[in-house]
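Here are some notes for a first reading of the fold, set out as numbered points. Please keep the structure open beside the text and look for each element as it is named.

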Amino acid sequence: MLSRLIGPISLVCHQNADFDAIASLYLLEAWLKQITQTNISLHCSTGLSLGIPQLGVSPILQSQPSHPNIITLDCRTMQRTGYQLPEVAINFDHHPNNSQFAKLNIIDLQAVSTTELLWKLIPQQFKTPSICQLALLGIFSDSQNLSTPNLSSQTLRTCSEILKISNQLQASLNILKPKLKAQELKQLGELLLQSQINSKQIASIYLTQHYPKAIRNLALQQLSQLQNTKAVCLIQNDKGRIQGSLRSKKIDVHKLSELFQGGGHKNAAGFEIKI
Ligand SMILES: [Mn+2]
């Protein structure tokens, strides 16, 4: 399937990329480099998010992908890329309700991350230690360290296979561990001070100024630890650009995010609208 592509290839993930999206870009690049000599570029329309290091040598470009072959990773719809794309050759994804916008759509709803989907497709001889590490990064990050309800025995088997080939567990967990600066810890405190719990057992934070995504995610993680809450929600109103993040282990927040043209999963979803 991949070796049938002729000419340079652009790999594209969704905007506001998370670890799974960035790890998938580098993982697929590493695999392609073993089977083709062609030029490969990596793209995310919003660049690297704060808190996500560059996971390989190639830069993550914000520019429009210009190569004739475009492959998207971790994108439920073409809009999620943030680009106007002429045609997509392959769409690798694990989100429910993927809109199947490419010529070839490889969707695995059992995979907890796009890196897990790719890992299952890679022939055994190409599974290098760095590919093992990238696969674990996506799996651990999208499953919140193997704790989300959609985690299946299949994913645990995938992890076991990865560790048998190269034990990158501690190295991967170290990369995922948040590394906060003193100022960022104070920002996290500011966010948590603004949290509220309503009578419907929804914990929320409403922000009227911009905070980095990594800090907002940490605040959501902290709020999720509250007893007797059904869901947590963080809304940031940054000059009319509303970004919402929803987390829950009890209700389907993906359905809620769809009301605002957002995306995600049952347990973690988000949306972005302009007012
Ligand atoms: Mn993902």
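1. Across which strands does α1 lie, and at about what angle does α1 run to β1? Before answering, please bear in mind that this is a predicted model. Helix α1 lies across β1 (9-13), β2, β3 and β4 (69-73), and its direction makes about 160° with that of β1.

2. The strands just named belong to an open sheet of six strands, whose order is β3-β2-β1-β4-β5-β6 and whose pairing is parallel. At the edges stand β3 (60-61) and β6 (104-107), each with a single partner strand, so one side of each has no neighbour in the sheet. It may help to recall how such pairing arises: strands of a sheet pair through backbone hydrogen bonds, either parallel or antiparallel.

3. To see one edge in detail, look at strand β2 (residues 40-43), which is joined to β3 by two bridges, with the two strands running parallel. Within this pairing, His 43 stands opposite Leu 61 of β3.

4. Helix α1 (residues 19-35) also meets another helix, α2 (residues 114-121), and here the axes come within 8 Å and cross at roughly 25°. Because angles under 35 degrees count as roughly parallel, α1 and α2 are described as roughly parallel to each other. On the side of α1 the contact is made by Asp 20, Ala 23, Ser 24, Leu 27 and Leu 28, while α2 contributes Thr 114, Thr 115 and Leu 118. These contact residues divide into four nonpolar, three polar and one charged.

5. A second open sheet deserves a separate look: six strands follow one another in the order β7-β8-β9-β10-β12-β11, and the pairing is mixed. Its edge strands are β7 (196-197) and β11 (263-264), each of which pairs on one side only. Helix α7 packs on this sheet, where it touches β8, β9 and β10, and its direction makes about 155° with that of β9.

6. The word "mixed" can be checked by following the strands one pair at a time. Strand β8 (residues 202-207) pairs with β9 in the parallel sense over six bridges, and in this pairing Ser 204 has Cys 233 of β9 as its bridge partner. By contrast, β9 (residues 231-238) and β10 (residues 241-247) run antiparallel and are joined by seven bridges, with Gln 236 partnered by Gln 243 in β10. Strand β10 is also joined to β12 (residues 268-274) by seven bridges, and these two strands run antiparallel; here Ser 245 stands opposite Gly 270 of β12.

7. What do β9 and β10 form, and how many residues lie between them? They form a hairpin with two residues between them, and Lys 239 in the turn has a positive phi of about 50°. This value merits a second look, because most residues other than glycine have a negative phi. Lys 239 is exposed, with 10 other C-beta atoms within 10 Å, and the cut-off behind that word is 12 or fewer.

8. Another positive phi should be noted at Asn 228, which is not a glycine and whose phi is near 55°. Asn 228 lies in the loop between α7 (213-223) and β9. Is Asn 228 buried or exposed? Asn 228 is exposed, because 7 other C-beta atoms lie within 10 Å, and a count of 12 or fewer is what the term requires.

Methods:
Residues are numbered from 1 along each chain as its sequence is written. This is a predicted model: local features need pLDDT of at least 70, side-chain atom pairs count only at pLDDT 80 or more; totals for chains, interfaces and linings use all residues. Two strands pair if DSSP finds at least two bridges between them. Helices (H or I, at least four residues) and strands (E, at least two) are DSSP runs, numbered from the N terminus. Axes are lines fitted to C-alpha atoms, for helices over the stretch in contact, and angles run from 0 to 180 degrees between N-to-C directions. Angles under 35 degrees count as roughly parallel, over 145 as roughly antiparallel, 65 to 115 as roughly perpendicular and the rest as oblique. Two residues are in contact if their C-beta atoms, placed from the backbone, lie within 7 Å. Ala, Val, Leu, Ile, Met, Phe, Trp, Tyr, Cys and Pro count as nonpolar, Asp, Glu, Lys and Arg as charged, and the others, Gly among them, as polar. A residue is buried if 20 or more other C-beta atoms lie within 10 Å of its own, exposed if 12 or fewer, and partly exposed in between; C-beta atoms are placed from the backbone.
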